[in-house]
Amino acid sequence: MALLTIKDLSIRFRGPALLDEVSCHIDAGQRIGLLGRNGAGKTTLMKLMAGQVEPDSGSIHVESGTRLAMLSQDVPEQTAGDIAGVVRCGLEGSGQADWQADNQVEQVLSRMELEPGLEFASLSTGMKRRVLLAQALVRSPDLLFLDEPTNHLDIAAIEWLEQFLRKWSGTLLFVTHDREFLRRIANRIIEIDRGKLYDWSCDYATFLQRKEQALAAEEKQNALFDKRLAEEEAWIRQGIKARRTRNEGRVRALEAMRRQRRERREKGGTAALQLADAQRSGNRVIEASDVSFSYDGQPIIRNFSADVMRGDKVGIIGPNGVGKSTLIKILLGQLPPDEGRVRLGVNLQIAYFDQLREQLDPEQTIYQNVGDGYDHIQIGEQKIHLIGYLQQFLFTPERARTEVKFLSGGERNRILLAKLFAKPANLIVLDEPTNDLDAETLEVLEERLVNFSGTVLLVSHDRAFLNNVVSNSFVFEAGADGVAVLKEYDGGYDDWLRQREPDKERMSTTEPKENKSKPSRKTPPSVAGPRKLKYKEKQELEALPAQIEALEQSIQQIHDEMTQPEFFKQEGTAIAARQQALKTLENDLETAFARWEELEELEP
């Protein structure tokens with residue numbers, strides 16, 4: 001059943017339409033990841049659906065009785081009171097009796113493991129986000145909108161949220177930069193690309209494969225079109241009398257091609273993110289020996305020793321507030337340890353990425369913030385004008401004159417990266433650089449950091465980013481006395497999970513606690529060995545590859561239909577029929593694969 005239906009929706013602020021006659025519908029029980037580049041219109045689309053913004057044209061129909069709720073990516077500054085009071089605000093205007101409201105608040109606080117009497121202002125950013133999620137859920141919404149729900153959450157909080165949402169029975173539409181979160185939660189992907197809406201009707205991993213194929217096909221189609229247009233332009237320039245009857249049709253076709261080419265919205269560029277390498281540092285960048293540090297009598301780091309060598313990419317992992325930023329300050333020599341010694345290598349030139357963006361002046365323009373009074377940037381042996389440099393970070397000359405206070409979070413992060421990489425460095429320190437960046441920019445940043453000849457210290461809660469970049473990790477783990485213990489591991493996040501002591505309680509978990517005591521589902525091997533295939537089973541096995549291939553072709557055909565903008569201009573019943581057909585085919589394919597695997601295990 002469609003909870004919400006959009007038809008021919010358009011909205012424009014400045015420049016091309018942000019959403020241009022888009023259509024789609026959301027069915028009950030789906031967990032939809034909404035993708036798109038920074039500024040593509042993801043938050044705007046959610047606000048349109050939630051009734052917070054009015055479209056220029058088109059319609060949004062919400063099924064009668066459907067309850068909507070939205071969690072925005074920012075914590076409202078005016079929020080005050082204890083946790084129970086903040087959550088109860090979500091019931092304002094519901095018309096419920098006090099006892100009913102109290103009961104619902106109590107239930108949601110219990111489910112989300114929140115203490116009702118704690119003051120909201122005293123909580124960490126991650127806990128504040130959990131309270132606001134409880135506020136959104138207290139009315140039991142049928143459709144929940146989440147805008148960057150993992151921002152500023154540590155890994156433990158992200159994994160808790162994943163577990164909670166997987167168990168939640170409602171319908172979910174969410175925007176996130178966290179690719180691992182997308183992989184684990186989304187069972188449907190909708191993408192905003194150049195003003196159009198594309199329903200990929202698959203999980204995130206499958207979307208990545210199909211998107212790559214679609215972009216390759218689009219590039220080929222555009223190249224063929226441009227070649228034909230060039231041929232027609234050459235023909236018209238030859239001086240053929242265009243008014244002769246036999247040429248009028250060709251001239252009109254050329255004019256139509258010119259209009260089509262002018263209206264084509266090219267795929268946005270990818271940030272270049274060039275790194276300005278400095279002079280090589282010494283081989284040993286940081287040497288920490290038996291370092292200990294306490295704050296107000298509370299131990300933060302105890303007896304930690306490590307060597308950071310030139311070229312190392314070090315990930316720093318741990319819960320919010322455990323002391324990751326303190327560790328960086330100690331390693332950089334900005335904060336003396338209580339005990340032990342830290343020695344820095346020679347020829348260090350440090351560039352620091354601040355997650356709070358305090359290095360940016362909101363009243364200055366992008367150009368002023370990055371240039372620091374200069375009009376040119378030196379990248380290696382090349383001197384680049386600041387405007388050209390900013391274009392590599394996807395800022396047009398007009399956008400470069402915009403004051404920072406008017407920009408999105410993703411744009412501000414790109415400015416900070418541009419400012420950071422404009423200065424030569426051989427040691428880069430990144431504190432939560434992935435917040436608000438789109439997936440394409442994240443992938444470019446990953447590639448540049450991996451290929452960077454210098455050293456990187458990276459604080460991040462983005463598991464995919466850690467896995468793809470770091471060579472070794474400093475991890476704050478829970479100690480026996482309740483105080484975190486700092487340990488070093490080879491590799492990234494997944495490598496840490498594999499290397500830990502198997503009986504050590506996890507600092508963050510990927511499975512609900514109640515499942516830990518469940519017996520293994522693995523079946524002990526059969527003593528008698530596998531039985532032989534029967535005649536009919538042998539025939540069934542021989543027929544399965546062709547059956548699977550036919551199912552895959554049928555699924556691909558429907559997916560190709562759904563990637564066309566015209567698909568959602570059909571009647572709702574026709575769209576629902578095709579989506580149901582797709583679901584049936586995918587179930588049949590899963591069954592066929594399972595049966596094939598079962599029969600393959602039998603002896604021929």
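Helices, taken as H or I runs of at least four residues, and strands, taken as E runs of at least two, are DSSP runs numbered from the N terminus. On this basis, the chain of the predicted model comprises 17 helices and 20 strands. Of its 604 residues, 46% are buried. Among the contacts with a separation of 6 or more, 69% are accounted for by residues 24 or more positions apart. The exposed area of the chain is about 31300 Å², of which carbon and sulfur atoms contribute 47%.

Helix α3 was examined in further detail. This helix covers residues 98-111, and its 14 residues should span 20 Å at 1.5 Å a residue; the end C-alpha atoms lie 20 Å apart, in agreement with that expectation. The buried residues of α3 are A101, Q104, V105, V108 and L109. Viewed down the helix axis, these buried residues fall within an arc of 130° and therefore line one face of α3.

The surroundings of the two sides of α3 were then considered. The buried residues of the helix pack against two further helical elements, α2 (83-88) and α4 (125-137). On the other side of α3, by contrast, W99, E106 and S110 are exposed, where exposure denotes a relative accessible area over 50% and burial a value under 20%. Just after the helix, E113 adopts a positive phi of about 55°.

Conventions
Residues numbered from 1 in each chain as written. Predicted model: local features only at pLDDT ≥ 70, side-chain atom pairs only at ≥ 80, totals over all residues. Heavy atoms only, no water. Expected span 1.5 Å × (residues − 1). Buried < 20%, exposed > 50% of the residue type's maximum accessible area, 1.4 Å probe, protein only. Arc of directions from axis to C-beta. Contact = heavy atoms within 4.5 Å. Areas by Shrake-Rupley, 256 points an atom, 1.4 Å probe, with all protein chains shown as cover.
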